[in-house]
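Here are a few notes on the pockets and the surface of this one. Have the viewer open while you read.

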Amino acid sequence: HFNPAVTLVFALKREIETNTAAAYVLAQVAGGIVGTLLAHAMFELPVLQLSETARTGNGQWIAEIVATFGLVFTILAGLRARPDSIPWLVGLYITAAYWFTASTSFANPAVAIARALSNTFAGIRPVDLAGFIVAELLGALLAMGLAAWLLTEAKPIRQMKAAE
């Protein structure tokens, strides 16, 4: 897990314990922040900075709902159909979503937080951060709901009649 939205879904599905999920989220956010600081050092930028790049508005937030919905649904559907394909499915989805979303598909609250600490073209103003995080978590929850409905194992008619 590299994404708090994905971790949230697995915690809600009770496939990961709450304490473990919380530890993952802390590690994911810390990893994003450390990676951002390291990237700044590699490119000889000021290591500590806050973004001034405005990314706000309904279009950006709808794009993040769509991006995160698609990512989480891709993971859940992939787990049902081809678990061994998850790495390339995620890579292909994120690459595509970069091009078809107005936000360029952050789809990850840890990445959004980290990008608030980078005053580059990739940054998000800290004041715009809450909208991204809420949209990403909403997209993840919507994907979880649709996947629970759409990807439910069908029961044979005999088994349904026996349950009556």
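Is Leu38 buried or exposed, and why?

1. Keep in mind that this is a predicted model. Leu38 sits in helix H2, which spans residues 18-42. Leu38 counts as exposed because its relative accessible area is 51%, and the cut-off for that label is over 50%.

2. Leu38 also has nonpolar company on the surface: together with Met42, Phe43 and Leu45, Leu38 makes a nonpolar patch of about 450 Å².

3. Now the pockets. The largest pocket holds about 330 Å³ of space. It has 17 lining residues, and Phe2, Asn3, Val6, Ile75 and Val90 are the ones closest to its centre. Helices H1 (4-12), H3 (58-81), H4 (86-100) and H5 (109-115) each give two or more residues to that lining.

4. As for chemistry, the lining of the largest pocket splits into twelve nonpolar residues, four polar and one charged.

5. The second largest pocket comes in at about 180 Å³. Its lining includes Thr36, Ala39, His40, Ala114, Arg115 and Ser118. H2 and H5 are the elements that contribute two or more residues there, with H2 giving the largest share, three residues.

6. By class, the lining of the second largest pocket has six nonpolar residues, four polar and one charged. Look at Phe43 and Leu45 here: both belong to the nonpolar patch, and both also line the second largest pocket.

Conventions
Residues are numbered from 1 along each chain as its sequence is written. This is a predicted model: local features need pLDDT of at least 70, side-chain atom pairs count only at pLDDT 80 or more; totals for chains, interfaces and linings use all residues. Side-chain values use heavy atoms; hydrogens and water are left out. Patches are made of residues with over 30% relative accessible area and no salt bridge: like charges are joined within 9 Å, nonpolar side chains (Val, Leu, Ile, Met, Phe, Trp, Tyr) within 5 Å. Accessible areas come from the Shrake-Rupley method with a 1.4 Å probe; for residues, only the protein chains shown count as cover. A salt bridge is a side-chain nitrogen of Lys or Arg within 4 Å of a carboxyl oxygen of Asp or Glu. Helices (H or I, at least four residues) and strands (E, at least two) are DSSP runs, numbered from the N terminus. Buried means under 20% relative accessible area, exposed over 50%, partly exposed in between (1.4 Å probe, protein chains only). On a 1 Å grid over the protein atoms alone, a cavity is a set of points where a 1.4 Å probe fits but cannot get out, and a pocket is an open set with protein on both sides within 12 Å along at least five of seven lines; lining residues have an atom within 4 Å of a point. Grid points are joined across faces, edges and corners, and a volume is the space filled by probe spheres set on the points. Ala, Val, Leu, Ile, Met, Phe, Trp, Tyr, Cys and Pro count as nonpolar, Asp, Glu, Lys and Arg as charged, and the others, Gly among them, as polar.
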